[in-house]
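Here is a note for a colleague who is meeting this structure for the first time, set out as numbered points to be read beside the sequence and the coordinates.

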Amino acid sequence: MNARLPLPPSLYADTAVAPVATPPLDTDTSVSVAIVGGGYTGLSTALHLAEQGVEALVLEAQEPGWGASGNNGGHTNPGLKHDPDQIEADFGAELGRRMIEFSYGTTNFTHDLIRRYQIPCEARQNGTLRAAYHLASAAAIENTAQQCIRRGMPVTYLNREQLREMTGTDRYVGAMLDTRGGDLHPLSYARGLARAAISAGAKVHGETPALSLRRDGSRWRIETPRAVVHADKVLLATNGFTDDLWPALRRTIVPVFSSIAATAPLSDEVARSIMPTRPVLYESGHITVYYRIDQQNRLLMGGRGPMRWINSPHDVAYLMRYAERLWPQIKGVAWTHGWNSRLAITGDHYPHVHEPAEGILISLGCNGRGVALSTAMGAQLTRRLIGGAKAELDMPVTGIKPIPMHAFWPVGVATAVIAGRVRDRLGI
C-alpha cells in the first residue's frame, strides 16, 4: 500500500483553501483516458477532457498539488526560457511562431480559466519583471524585450530609476516588464483545478500511485495498490517526480529542488516600500532568485537551495540575507516558513512532449515556468488525446532522448549552483 506523505511544511499548506475529496481508487475501472500525475498538467488536461465529454481519470500518488504544483513560487510567467528569435531558429518559422504565441499567451489563458471557474487562489495579473543587476545581463534582457516588442507584445524595458520605484531597491540596472504576468496561491490553485475537473465530470484519485504500465490487447493496463485501470489512452504528467514507469523517461529530465522562504506579514508601509504595484520578479543570473509579495503582505523569496528536502527558512538562510541586502528595512522581520519541491529541467531547456507508443502521450519539463505553461498545456494535450497525430500541437513532439551521464546529475547540479553563485558575485 502507498504511504501517504504530508504536504511540505509550506506557507501554502497552512493557508490554502480546503481540498476536494480525492479518495484512493479501490475498484477496477475502465476509462477513455488515464492520467498519471495530479499536478497542474494532469488536472488541467482532465478538466479540458471532461469539458469535451471525454472520460478522464487522474491517478496521483499523494494528493493533488503535493509536488511542485502546490509548492512553487506562485509566479505566472509568460514565455519560454529561450528568446523568441532563438525559438524560431531552433524550430523554424512556422512552428517557432506558434510556440511563441502559445507560450507567451499562457498567462492570459491561466487567468482566464481561473476567472471562468471562479477558483479562489488569490490570483493577480500585475506583471512579471525579468531583472538584471549586471550590465551584460541587462543588455541581453533589452534585446529580449525588443524581440517581444517587434512581435506586438505588451512588453516594456525599464531603466534603473524606474526599477527603483517598482522594487524599492537600487540593485537592478535594467528589466523587462511583461504586463501579462502575475501570481497566485499555488496550492489553492491546484485544489481549485481538481475541484473544477471533478465538477466537469473527471475522476481524481489521490494516494493512488501507478505501479506498472503495460499494453493489454488494444488498451493500456495500469496497476495501482488497490485496483487496475484499463484505458484507451494514457497521459504521463509526472514532471519532477518522474520514475521508471516508462522506460528511460526518468533520464530525460534533471529533478532540481527549488526553495522558498516566507516572512510573516509585513506592515503596509514596509510592503509598499518594496513592491508597491505588486509585480513578480525573477533575476537574470546564473542562479535565479525570484520573489513576490502576496496579498497578506508576506515576502516570498525563492531560489536554489539544498538538493534535499528542507523544512525551515534557516535551510536557505542566503535568501533571507539577500532580502535584507535588497531592503534593509526588513531586518528583524520574522521568517516563518521554508520549504521546497522538485521541478524538472530538460537538457535543452524546452518543455518535452513525447508519443513513444500508440495511445501514450507524455508531457514534462517546464523548466521553472510550470504554473501557466502546464495549465495551458492541458488544452493542447486534450486536443492531441482526442484528435490523435493529426491534431497539431503548438509545441514540438519529440523522441525520448536520455541525458548523457544522467547518474551524475546530483553532483552536476551542486557544482553548477556553486559556480553560478560565484559568477553572479563576480559579474561574469
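1. In this predicted model, helix α3, which covers residues 84-91, packs with helix α4, which covers residues 93-104, at an angle of about 140°, and their axes lie 7 Å apart. Angles over 145 degrees would count as roughly antiparallel and those from 65 to 115 as roughly perpendicular, and α3 and α4 are therefore oblique to each other. The crossing of α3 and α4 is right-handed.

2. Which residues bring α3 and α4 together? On the α3 side they are Pro-84, Ile-87, Glu-88 and Phe-91, and these meet Ala-93, Leu-95, Gly-96, Arg-97, Met-99, Ile-100 and Tyr-104 of α4. Sorted by character, the residues of this contact comprise eight nonpolar, one polar and two charged.

3. The reader may turn next to an open sheet built from eight strands, whose order is β5-β6-β4-β13-β14-β15-β12-β16 and whose pairing is mixed. Its edges are formed by β5 (155-159) and β16 (335-346), each of which pairs on one side only. From one strand to the next, the twist averages 20°.

4. Within this sheet, it is worth following strand β4 (residues 128-132) and strand β6 (residues 174-178), which pair in the antiparallel sense over five bridges. One position to look up here is Arg-130, whose bridge partner in β6 is Met-176. Helix α6, made of residues 135-150, lies across β4, β5 and β6, and runs at about 155° to β5.

5. A further set of pairings involves strand β11 (residues 228-236), which runs parallel to strand β1 (residues 29-36) and is joined to β1 by seven bridges. In this pairing Ala-34 stands opposite Val-234 of β11.

6. How does strand β10 (residues 219-223) pair with β11, in the parallel or the antiparallel sense? The pairing of β10 with β11 is antiparallel and extends over four bridges, and a hairpin of four residues joins β10 to β11. The bridge partner of Arg-221 in β11 is His-230.

7. Strand β18 (residues 360-364) also pairs with β11, and here the two strands run parallel and are joined by three bridges. Leu-236 can be found opposite Ile-362 of β18. Taken with the preceding points, β11 is thus seen to pair in the parallel sense with β1 and with β18, whereas its pairing with β10 is antiparallel.

Conventions
Residues are numbered from 1 along each chain as its sequence is written. This is a predicted model: local features need pLDDT of at least 70, side-chain atom pairs count only at pLDDT 80 or more; totals for chains, interfaces and linings use all residues. Side-chain values use heavy atoms; hydrogens and water are left out. Axes are lines fitted to C-alpha atoms, for helices over the stretch in contact, and angles run from 0 to 180 degrees between N-to-C directions. Angles under 35 degrees count as roughly parallel, over 145 as roughly antiparallel, 65 to 115 as roughly perpendicular and the rest as oblique. A crossing is left-handed if the near helix is turned anticlockwise from the far one by less than a right angle, and right-handed if clockwise. Contact means heavy atoms within 4.5 Å. Ala, Val, Leu, Ile, Met, Phe, Trp, Tyr, Cys and Pro count as nonpolar, Asp, Glu, Lys and Arg as charged, and the others, Gly among them, as polar. Two strands pair if DSSP finds at least two bridges between them.
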